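This briefing is meant to be read alongside the sequence and the coordinates. It takes up a few backbone features, then the interior, the helices and a patch on the surface.

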Amino acid sequence: MKVLLVNGGPHKTGCTNRALQEVASALNKEGIETEIFWIGNKPVGGCIACKKCVQTGSCVFDDVVNQFRKKAYEADGFIFGTPVHYAAASGNMTAFMDRLFYSEFCGNQNKAFYMKPAAAVISARRAGTTATFDQMNKYFAIQEMPIVSSRYWNMVHGAVPEQVEEDKEGLYTMRVLGRNMAYLLKCQEAARKAGVKQPEQETPVFTNFVR
């Protein structure tokens, strides 16, 4: 089994990465393979609602989003990490998530993410973590992904990785998250071996509020 951890911070070895490393270490101890995927610090454009993904199966902008989607099909679970920028996920991470989840739902019927456990990890100097945590969890909920919890909300504090090291409760929370993710993955594997089928999928219904 494998978990993909996404570093949505502008620094490859920054605070978000340090938090993800702690989760990955806990997963590894439980026998789960991990890979940390950095989205980079080049600008990631947002979704332009062109609907080309419906026709081609991938986002029209062939960049880090499509690169990650190719990896996502082989993963069993996901951890998405982002720093806090103005009480929200970073701009690059927000654009990445928007296009990733929209193009996968429209272009491939959500095969990469359906019923795969996911969790968000938030890094901040001080505040804005809970608002960002709520923002990130909405992506998982709309894609029918079981959301993995920890002992506390999944956040670490610090302006540099060395300060994250001092956030003992934050790192503890990351380790609990890793163990909880591993447990759920093993439960899913046991369910498959026992013949438990995934929920029956119904054709989505879309409405709006215009009468």
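Lys51 is partly exposed, because its relative accessible area of 42% falls between the 20% limit for buried and the 50% limit for exposed. The model is a predicted one, and in it Lys51 sits in the loop between β2 (33-38) and α2, with a positive phi of about 65 degrees although it is not a glycine.

**Backbone with positive phi**

- Most residues other than glycine have a negative phi.
- Ala87 is also not a glycine, yet it has a positive phi of about 60 degrees; this residue lies in the loop between β3 and α4 and, at 42% relative accessibility, counts as partly exposed.
- Two glycines with positive phi follow helices: Gly31 comes after α1, with a phi near 85 degrees, and Gly195 comes just after α7, with a phi of about 85 degrees.

**Lys52 and the surface patch**

- Lys52 belongs to helix α2 and, with a relative accessibility of 37%, counts as partly exposed.
- Leaving aside neighbours within four places in sequence, Lys52 is in contact with Gly57, Ser58 and Val60, while its C-alpha lies 9.2 Å from that of Cys106, a residue 54 places away in sequence.
- Val60, one of those contacts of Lys52, is placed in the loop between α2 (52-56) and α3 (64-72) and is partly exposed at 45% relative accessibility.
- Together with Ile48 and Phe61, Val60 makes a nonpolar surface patch of about 270 Å².

**Nonpolar cores**

- The largest nonpolar core has 32 residues, and the members that touch the most other members are Phe68, Phe78, Phe80 and Phe96.
- At least two residues of this core come from each of β1 (2-7), α3, β3 (77-83), α4 (91-108), β4 (118-124) and α5 (129-142), and α4 gives the most, with six residues.
- A second, separate core has 21 residues, among them Ala24, Leu27, Leu171 and Leu185.
- Phe78, when residues up to four places away in sequence are not counted, touches Val3, Leu4, Phe68, Ala72, Ala112, Phe113, Lys116, Pro117, Ala118, Ala119, Met145 and Met181.

**Helices α1 and α7**

- Helix α1 covers residues 15-29, and its 15 residues reach 22 Å from the first C-alpha to the last, which is close to the 21 Å expected at 1.5 Å a residue.
- Eleven of the 15 residues of α1 are buried, so this helix is largely enclosed by the rest of the structure; the buried residues include Cys15, Asn17, Arg18 and Glu22, together with Ala24 and Leu27, and the latter two are also members of the second core.
- Helix α7 covers residues 168-193, and its 26 residues reach 38 Å from the first C-alpha to the last, close to the 38 Å expected at 1.5 Å a residue.
- Among the buried residues of α7 are Leu171, Thr173, Met174, Met181, Leu185 and Gln188; of these, Leu171 and Leu185 are included in the second core, whereas Met181 is one of the residues touched by Phe78.
- Which elements do the buried residues of α7 pack against? They pack against the strands β1, β3, β4 and β5 (155-157), and against the helices α1 and α6 (161-166).

Notes:
Residues numbered from 1 in each chain as written. Predicted model: local features only at pLDDT ≥ 70, side-chain atom pairs only at ≥ 80, totals over all residues. Heavy atoms only, no water. Patch = residues over 30% accessible without salt bridge, like charges linked within 9 Å, V, L, I, M, F, W, Y side chains within 5 Å. Areas by Shrake-Rupley, 256 points an atom, 1.4 Å probe, with all protein chains shown as cover. Salt bridge = Lys/Arg side-chain N within 4 Å of Asp/Glu carboxyl O. Helix = DSSP H or I, 4+ residues; strand = E, 2+ residues; numbered from the N terminus. Buried < 20%, exposed > 50% of the residue type's maximum accessible area, 1.4 Å probe, protein only. Core = buried A, V, L, I, M, F, W, Y, C linked by side-chain atoms within 4.5 Å. Contact = heavy atoms within 4.5 Å. Expected span 1.5 Å × (residues − 1).
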